[in-house]
Amino acid sequence: MDATDVTAMLPGLLADAGLTNTPARRPIRVWARSGVERLAFPDGASVVFKYAEAPFDREDHALKTAAAAGLPVPAVHAAHRSGHLLGMLMEDLGEPLREADDLDGATAAVQIHRITAAPGLPHLGEAELAALPREITRRLARYGASNEAQAAATDLCRAADTRTKDAELPPFGLVHSEFHPTSLHVGVTGLRVLDVARAFTGPGLLDLASWHGTTTTPDTDRTRGFLTTYVEAGGPAETLADRGGLDATAWALGWHRVWVAEWFTQQMDLGWAEGADHSWMSVITRHVLEAAQLLDV
């Protein structure tokens, strides 16, 4: 991502938002593919400047879709797309009062998954979910993954049609896709949902499985408790139903790890792993092996 291209977007965004062209830029979080800055104006006003390259360059659409459906998200004041680069000026929510807890996560997830109409966003139903292991298997062979990883991916392929059964049981609707405590802002205006760049329509259980992260060994008891909290917060009772011949917890954790592994193999195709192929492959292998165990293949 070229910093010059990012800066070049600002004048047009500021003009569209009716703001003066003299803000001070203060980075909040910047990485190779996207960035978030606070723009502070002499009169004390401020907005958030967020920019991202493909495939994160459709967040303005996801935010507007979510807002139109009543989900509490930051307002988008202006958005420009230049090639594969998106720039947005958004409402500044200020510093959070505290980190989101499990009840906040469950409450927000109920609101997210109630949105069943999300035109223009990707769809991940039973057929699309079953296709993910095939994509993983093809890419693992291309990048010379270990025999263990390729065997586990092949096992996932063989079982995919069975294990995806009932994937479209409720909750099935808008999926945040990067749903963690940092995806929520608890501030003076209440709870807001952030970072919906990769939102899609699909099984809400994938969000519930991601809440506690995937960098540690799957904790089925903790996830089961979170699913229960979600139902108690207003989520559909079917959340706890078996699907694909498995209990909801194993199904959610297993398919979320398949989804993560497929996303990491996509990143390898995009060239993002250049110079760090071993690290990327280690993450992919761990997720594939955990998925095979959780999905009992």
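**Notebook: serine 46, helix packing, cores and backbone**

I began with serine 46, which is partly exposed, its relative accessible area being 29%. I note at the outset that I am working from a predicted model. Serine 46 sits in strand S3, and once I set aside the neighbours within four places in sequence, I find it in contact with Arg38, Leu39, Ala40, Phe41 and Asp92. I also looked up a long-range pair: the C-alpha atoms of serine 46 and alanine 153 are separated by 48 Å, with their positions 107 residues apart along the chain.

**Helix H2 and the strands over it**

From S3 I moved along the loop between S3 and H2, where I found proline 55. Alanine 54 and proline 55 are joined by a cis peptide bond, for which I read an omega of about 10°. In helix H2, which spans residues 59-68, I listed Glu59, Asp60, Ala62, Leu63, Thr65 and Ala66 as the buried residues. I then asked myself what covers the buried residues of H2. The cover includes strand S3 (46-53), strand S4 (76-82) and strand S5 (85-91), and S3 is the strand in which I had placed serine 46. Just after H2, I recorded a positive phi of about 95° at glycine 70.

**Helix H4 against H5**

I next took up the pairing of H4 with helix H5 (residues 147-163), whose axes come within 8 Å and cross at roughly 155°. Because an angle over 145 degrees counts as roughly antiparallel, I entered H4 as roughly antiparallel to H5. The crossing of these two helices is left-handed. On the H4 side I listed Ala130, Pro133, Arg134, Ile136, Thr137, Leu140 and Ala141, which meet Ala149, Gln150, Ala153, Thr154, Leu156, Cys157, Ala160 and Asp161 of H5. Sorted by class, the contact of H4 with H5 holds 10 nonpolar, three polar and two charged residues. Ala153, one of the H5 residues in this contact, is also the partner I had used in the C-alpha separation from serine 46.

**Helix H4 against H8**

For H4 (residues 126-142) and helix H8 (residues 248-269), I read axes that come within 9 Å and cross at roughly 45°. I therefore entered H4 and H8 as oblique to each other, and their crossing is left-handed. Leu129, Leu132, Pro133, Glu135, Ile136, Arg139 and Arg142 of H4 meet a set of H8 residues that includes Trp251, Trp255, Val258, Trp259 and Glu262. By class, I noted nine nonpolar, two polar and five charged residues in the contact of H4 with H8.

**Helix H8 against H9**

I then followed H8 to helix H9 (residues 277-294), where the axes come within 8 Å and the crossing angle is roughly 155°. H8 and H9 are therefore roughly antiparallel to each other, and I recorded their crossing as left-handed. Among the residues making this contact are Leu253, Val258, Ala261, Phe264 and Met268 of H8, together with Trp280, Met281, Ile284, Val288 and Leu294 of H9. The class count for H8 with H9 is 14 nonpolar, four polar and three charged residues.

**Nonpolar cores**

Which residues of the largest nonpolar core touch the most other members? In this core of 74 residues, I found them to be Leu140, Val193, Trp255, Val258 and Val288. H8 supplies the largest share of the core, 11 residues. I looked up valine 193 separately: not counting residues up to four places away in sequence, it touches Leu71, Pro72, Val73, Pro74, Ala108, Ile112, His176, Ser183 and Leu184. A second, separate core has 13 residues, including Met9, Leu10, Tyr51 and Leu85.

**Further backbone entries**

In the loop between H5 and strand S6 (172-175) I found proline 171, which is joined to proline 170 by a cis peptide bond with omega about 5°. Aspartate 166 is found in the loop between H5 and S6 too, and I read its phi as near 70°, a positive value in a residue other than glycine. With 40% relative accessibility, aspartate 166 counts as partly exposed. Aspartate 195, in the loop between strand S8 (190-193) and strand S9 (200-203), has a positive phi near 55°, again in a residue other than glycine. I entered aspartate 195 as partly exposed, at a relative accessible area of 22%.

Terms used
Residues are numbered from 1 along each chain as its sequence is written. This is a predicted model: local features need pLDDT of at least 70, side-chain atom pairs count only at pLDDT 80 or more; totals for chains, interfaces and linings use all residues. Side-chain values use heavy atoms; hydrogens and water are left out. Axes are lines fitted to C-alpha atoms, for helices over the stretch in contact, and angles run from 0 to 180 degrees between N-to-C directions. Helices (H or I, at least four residues) and strands (E, at least two) are DSSP runs, numbered from the N terminus. Angles under 35 degrees count as roughly parallel, over 145 as roughly antiparallel, 65 to 115 as roughly perpendicular and the rest as oblique. A crossing is left-handed if the near helix is turned anticlockwise from the far one by less than a right angle, and right-handed if clockwise. Contact means heavy atoms within 4.5 Å. Ala, Val, Leu, Ile, Met, Phe, Trp, Tyr, Cys and Pro count as nonpolar, Asp, Glu, Lys and Arg as charged, and the others, Gly among them, as polar. Buried means under 20% relative accessible area, exposed over 50%, partly exposed in between (1.4 Å probe, protein chains only). A nonpolar core is a set of buried Ala, Val, Leu, Ile, Met, Phe, Trp, Tyr and Cys residues joined through side-chain atoms within 4.5 Å.
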